[in-house]
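Here's a quick briefing to read alongside the model. Have the sequence and the 3D view open as you go through it.

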Amino acid sequence: MGVGLTGVGLTAAVQVQYIDTYEFTQLGQAIGGDVALAQFTRLLDDLPEQDSASQVTWALKGERDMSGQRFLQLHVHASPRLTCQRCLAPLEWPIQSDTRLLLVNSEAALEVDSPDDESAEGIERIVGARRFDVLALVEDELILCLPYVPKHEVCPSSLVALPEQDEPPTEEHVRPSPFAVLGKLKKD
Ligand SMILES: [Zn+2]
């Protein structure tokens, strides 16, 4: 049994890796599951060693709207371990992502913006397939969610060490109060 599938309408969590996006959206199907983070080798290529128990929870739902456009609604939840670029200590990076993807029929259609297509404007596109790799999609999403330069909000080492001479506080940019400006205008 998978975890975190409530609300997706699944009773049994079958680990499906491939779907037919046409059928999946036509029937409004939903799948999901938990996968070991270690399975995503492309993601882990540049990351430090992970907690072996680390899991990725994902859910995918197919939709077809009134105008026949097909969508995938993807949910991904994970907590990969990254390396802080300030203190070089490990850093857990919680990912909680919800993405809506418009299915198109060809690579060419990824780029073309048809003008009568306003409902799908600004939505990420993806090419559908009869044999679509769901876990590759999950992995792509995880990679997209990684920060370019991961950093602790406050590095653990800075909590232990004596407070170092911090950078001088940057002078706050003082904006004149709108009332002060009004007062000036009145005087003129
Ligand atoms: Zn740090």
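What follows covers the overall layout first and then the salt bridges.

Keep in mind that this is a predicted model. The protein has five helices and nine strands, and its 188 residues include 31% that count as buried. The structure also holds five salt bridges, and three of those pairs get a closer look below.

**Overall layout**
- Going along the sequence, you'll meet the elements in the pattern β-α-β-α-β-β-β-β-β-β-β-α-α-α.
- Take the contacts with a separation of 6 or more: 59% of them come from residues 24 or more positions apart.

**Surface**
- The accessible surface of the protein adds up to about 13000 Å².
- Carbon and sulfur atoms make up 54% of that accessible surface.

**The R130–D20 pair**
- R130 and D20 form a salt bridge, with 2.9 Å between the closest N and O atoms.
- These two sit 110 residues apart, so to speak at distant parts of the chain: R130 is in the loop between β8 (124–127) and β9 (132–133), while D20 is in the loop between β1 (18–19) and α1 (21–26).
- Is each partner buried or exposed? R130 is exposed, at 60% relative accessible area, whereas D20 counts as buried because its relative accessibility is 17%, under the 20% cut-off.

**The network around R42**
- R42, E139 and D140 are linked in a network of salt bridges.
- In one of its links, E139 pairs with R42, and the closest N and O atoms are 3.4 Å apart.
- That pair joins distant parts of the chain, with E139 in helix α3 (residues 134–145) and R42 in helix α2 (residues 41–44), 97 residues apart.
- R42 also meets D140 in a salt bridge, at 2.9 Å from N to O.
- Since D140 lies in helix α3 and R42 in helix α2, this pair ties together parts that are 98 residues apart in sequence.

**How covered the network residues are**
- E139 counts as buried because its relative accessibility is 8%, and the cut-off for buried is under 20%.
- R42 is partly exposed, with a relative accessible area of 42%.
- D140 is partly exposed too, at 34%.

Notes: Residues are numbered from 1 along each chain as its sequence is written. This is a predicted model: local features need pLDDT of at least 70, side-chain atom pairs count only at pLDDT 80 or more; totals for chains, interfaces and linings use all residues. Side-chain values use heavy atoms; hydrogens and water are left out. Helices (H or I, at least four residues) and strands (E, at least two) are DSSP runs, numbered from the N terminus. Buried means under 20% relative accessible area, exposed over 50%, partly exposed in between (1.4 Å probe, protein chains only). Contact means heavy atoms within 4.5 Å. Accessible areas come from the Shrake-Rupley method with a 1.4 Å probe; for residues, only the protein chains shown count as cover. A salt bridge is a side-chain nitrogen of Lys or Arg within 4 Å of a carboxyl oxygen of Asp or Glu.
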